[in-house]
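Student: Could you walk me through one part of this model, slowly and in some depth? I would like to begin with a single residue and work outwards from there.

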Amino acid sequence: MKLLYFAWVRERIGKTEEEVAPPASVGTVADLVAWLAGRGEEYAYAFENPKVIRAAIDRKHVQPDTPIAGAREIAFFPPMTGG
Amino acid sequence: MMAATIRLQREDFDAATEVAALTRGRTDIGAVVTFSGICRDHEGGHGVSAMTLEHYPGMAEEEIARHVAEAQARWPLQGVTVIHRYGRMTPGDNIVLVVTASAHRQAAFEAASFLMDYLKTRAPFWKLEERPDGKDWVAAKDSDDDAAARWVKDNAAS
């Protein structure tokens with residue numbers, strides 16, 4: 001699946017996007033955040049406070065307990081500050 | 001359902017031009033509400049010399065379209081225009097425009113307010129401010145979440 005990062009999540013990880021293949025045990029958005037946080041210190045820094053991280057699957061807002069099965073594109077970003 | 005105009009763009013916009021485009025040749029519109037969001041030179045006690053709006057291309061358009069559709073379902077609107085800029089802006093520059101048109105004023109006022117509250121909290125945009133001490137991302141405000149929450153029907157009914 002393709003992951004996209006925005007704003008300070010992007011800056012901390014140092015990438016705008018990447019392809020990943022998490023293990024089958026990673027079932028939800030929260031699981032994916034925990035798995036990513038273990039991939040290196042830049043990921044640990046980006047995801048140090050999972051409660052503030054927002055996520056979208058295939059361009060729709062989702063909650064931490066949303067299953068990721070079948071997702072093509074998952075985005076992680078801080079709370080939005082548009083308008 | 002009335003077609004809406006939704007644009008994401010780097011370029012500036014002109015509110016009067018957009019209102020004219022929405023109302024030209026129409027005699028059924030009795031009220032037009034226009035909201036313009038403008039880059040200001042201060043925030044929370046510090047100066048702001050510029051800000052850069054980052055967005056999630058694709059999702060931003062879709063998310064705005066979902067909220068426009070909800071506004072059209074909740075209020076009898078004759079027209080809606082939403083323009084959101086991205087890129088770097090300096091104080092005085094336009095950031096966002098919402099225009100709502102209806103037969104009577106209340107629908108236009110409420111729909112414009114609803115759309116702005118949702119743009120603030122649900123549309124995937126992020127502001128990076130340039131301040132005297134460097135650049136930093138703008139933190140989301142609880143007051144914006146509270147403003148958006150008042151439009152949730154369950155809350156409104158209680």
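In which helix of chain B is Ser113(B) found?

Tutor: Happy to help! Ser113(B) is found in helix α3 of chain B. The model is predicted, so to speak with care: local features need pLDDT of at least 70 and side-chain atom pairs 80 or more, whereas totals for chains, interfaces and linings use all residues. Residues are numbered from 1 along each chain as written, chains are lettered from A and ligands numbered from 1 in written order, and side-chain values use heavy atoms, leaving out hydrogens and water.

Let us take the helix itself. Helix α3 of chain B covers residues 105-122, 18 residues in total. Helices here are DSSP runs of H or I with at least four residues, strands are runs of E with at least two, and both are numbered from the N terminus. At 1.5 Å a residue, helix α3 of chain B should span 26 Å, and its end C-alpha atoms are 25 Å apart, which agrees. That expected span is 1.5 Å times one less than the number of residues.

Now back to Ser113(B). This residue counts as partly exposed because its relative accessibility is 26%; buried is under 20%, exposed over 50%, and partly exposed in between, with a 1.4 Å probe and protein chains only. Leaving aside neighbours within four places in sequence, Ser113(B) is in contact (heavy atoms within 4.5 Å) with Arg150(B) and Trp151(B). For a sense of distance, Val48(B) lies 65 residues from Ser113(B) along the chain, and their C-alpha atoms are separated by 25 Å.

Around Ser113(B), the buried residues of α3(B) include Ala111(B), Ala112(B), Phe114(B), Leu115(B) and Met116(B). Further along, Asp117(B), Tyr118(B), Leu119(B) and Thr121(B) are also among them, as are Ala107(B) and Ala108(B). What do these buried residues pack against? Their partners in chain B are the strands β2 (31-38), β6 (77-85) and β8 (94-102), together with the helices α2 (59-74) and α4 (142-149).

Strand β8 deserves a stop, since Val99(B) lies in it. Val99(B) counts as buried because its relative accessibility is 0%. Once neighbours within four places in sequence are set aside, Val99(B) touches Val19(B), Leu22(B), Val32(B), Val33(B), Thr34(B), Gly79(B), Val80(B) and Thr81(B). Ile83(B), 16 residues away from Val99(B) in sequence, is 9.0 Å from it in space, C-alpha to C-alpha.

From here we can cross to the other chain. Thr81(A) sits in the segment after β5 (73-77) of chain A, and counts as buried because its relative accessible area is 7%. Leaving aside neighbours within four places in sequence, Thr81(A) is in contact with several residues of chain B: Lys120(B), Phe125(B), Trp126(B), Lys127(B), Val138(B), Ala139(B) and Ala140(B).

One more feature of chain A may catch a chemist's eye. Asp58(A) lies in the loop between β3 (54-57) and β4 (60-62), and Arg59(A) is placed in the loop between β3 and β4 too. Phi of Asp58(A) is near 45°, a positive value in a residue other than glycine. Arg59(A), also not a glycine, has a positive phi of about 70°. As for accessibility, Asp58(A) is partly exposed at 23%, and Arg59(A) is partly exposed at 29%.

To return to your starting point, Ser113(B) is a partly exposed residue of helix α3 of chain B, with Arg150(B) and Trp151(B) as its contacts beyond four places in sequence.
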